[in-house]
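Got your viewer open? Load the model shown here, and let's take a walk through it together, one selection at a time.

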Amino acid sequence: MTSLTTEERLIKSHHRVKAHGEVFTPRRMVNQMLDLVRPELETGPNFVDKTFFEPAAGDGNFLVAILQRKLHAIEKRYQPTVWSTESLFALASIYAVELLEDNHEAAQATLLTEFVAFHERAGKACGPRTNLYRSAAMLVERNIICGNTLTGFDVRGEAIQFSWWHRVLNEPGVVRRKPFTLASLRGMADSTVMFDFTTYDTYAVCRIDHVHKEVRADG
């Protein structure tokens, strides 16, 4: 469930409620819920890398609220020289699935718009031709999926696949991408024994502002 930023509508249409159970959460409730996890979002150790998963993202305002809090904390706690890197890791920590295509597109666009606005306010170039923008757009595309959380399949009928974006130890700003399926994540959460036979692509270690290049490890 999500809130709506433009106006406090709890539904878009009665048809969508009946067909999909689509109901939006008021902004006040979104903030109250996020207040409960403030250490993970803003104040605790490694807050930038704490992951969040929204199984029914709607048009993305829960996701944006999470990103806003992380970016605000980065601005308060880090020097401007690392804002670009840390903001990308913050974006990489947010995952979601949304069933409806119009909501999915809105969620991706809103999240990317918030990221760009943060850097524009700081006077940092973040236009479509920059590595910063391209990597942010790629992270949003890979982390925010159009599909069905209950079945574990995306809109194409394939298993929903995400990636962990691991920091490389002692190499600031460098990331190692490790794909995984939503199904395997669900199995770990349920403490069930699962053998994951999925064949994943492997990727070369790179700077996080170069992830849009998607260099394969065996390329």
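Before you click on anything, one term: a residue counts as buried when its relative accessible area is under 20%, and as exposed when that value is over 50%, with partly exposed in between. Keep in mind, too, that you're looking at a predicted model.

**Stop 1: the whole chain**

Show everything as a cartoon. You'll find eight helices and seven strands. The protein has 219 residues, and 42% of them count as buried. Now think about contacts between residues with a separation of 6 or more: 61% of these join residues 24 or more positions apart.

**Stop 2: N61**

Select N61, which sits in helix α4. Is N61 buried or exposed? Its relative accessible area is 7%, so N61 is buried. Next, add V30 to your selection and draw a distance between the two C-alpha atoms. You should get 8.7 Å, although N61 and V30 are 31 residues apart along the chain.

**Stop 3: helices α4 and α5**

Stay with α4, but colour the whole helix, residues 61-77, and then colour α5, residues 83-92. At what angle do α4 and α5 pack? The answer is about 155 degrees, and their axes are 10 Å apart. Angles over 145 degrees count as roughly antiparallel, which is why α4 is described that way relative to α5. The crossing of this pair is right-handed.

Now show the side chains where the two helices meet. On the α4 side, pick L67, K70, L71, I74 and E75; on the α5 side, pick W83, E86, S87, A90 and L91. Try colouring this contact between α4 and α5 by residue type: six of its residues are nonpolar, one is polar and three are charged.

**Stop 4: the aromatic rings**

Time for some rings. The count of aromatic pairs comes to eight. Start by selecting Y95 and W164, an edge-to-face pair whose centres are 6.1 Å apart, with 75 degrees between the planes. Y95 belongs to strand β2 (residues 94-98) and W164 to strand β5 (residues 161-167), so this pair ties together parts that are 69 residues apart in sequence. Turn on the surface and look at each partner: Y95 is buried at 5% relative accessibility, whereas W164, at 28%, is partly exposed.

Next, select F162 and F180. Their ring centres are 6.0 Å apart and their planes are at 40 degrees, so this pair is tilted. F162 is in strand β5 and F180 is in strand β6 (residues 174-181), so you're seeing a link between distant parts of the chain, 18 residues apart. Both rings belong to buried residues: F162 has a relative accessibility of 2%, and F180 has a relative accessible area of 7%.

Keep those four residues on screen and add F53. Together, F53, Y95, F162, W164 and F180 form one aromatic cluster.

**Stop 5: H104**

For the last stop, jump to H104 in helix α6, which covers residues 101-121. With a relative accessible area of 11%, H104 is buried. Which residues does H104 contact, once you leave aside its neighbours within four places in sequence? Select G58, E98, I144, I145 and C146 to see them.

Notes. Residues are numbered from 1 along each chain as its sequence is written. This is a predicted model: local features need pLDDT of at least 70, side-chain atom pairs count only at pLDDT 80 or more; totals for chains, interfaces and linings use all residues. Side-chain values use heavy atoms; hydrogens and water are left out. Helices (H or I, at least four residues) and strands (E, at least two) are DSSP runs, numbered from the N terminus. Buried means under 20% relative accessible area, exposed over 50%, partly exposed in between (1.4 Å probe, protein chains only). Contact means heavy atoms within 4.5 Å. Axes are lines fitted to C-alpha atoms, for helices over the stretch in contact, and angles run from 0 to 180 degrees between N-to-C directions. Angles under 35 degrees count as roughly parallel, over 145 as roughly antiparallel, 65 to 115 as roughly perpendicular and the rest as oblique. A crossing is left-handed if the near helix is turned anticlockwise from the far one by less than a right angle, and right-handed if clockwise. Ala, Val, Leu, Ile, Met, Phe, Trp, Tyr, Cys and Pro count as nonpolar, Asp, Glu, Lys and Arg as charged, and the others, Gly among them, as polar. Rings of Phe, Tyr and Trp (its six-membered ring) pair if their centres lie within 6.5 Å; planes under 30 degrees apart count as stacked, over 60 as edge-to-face and the rest as tilted.
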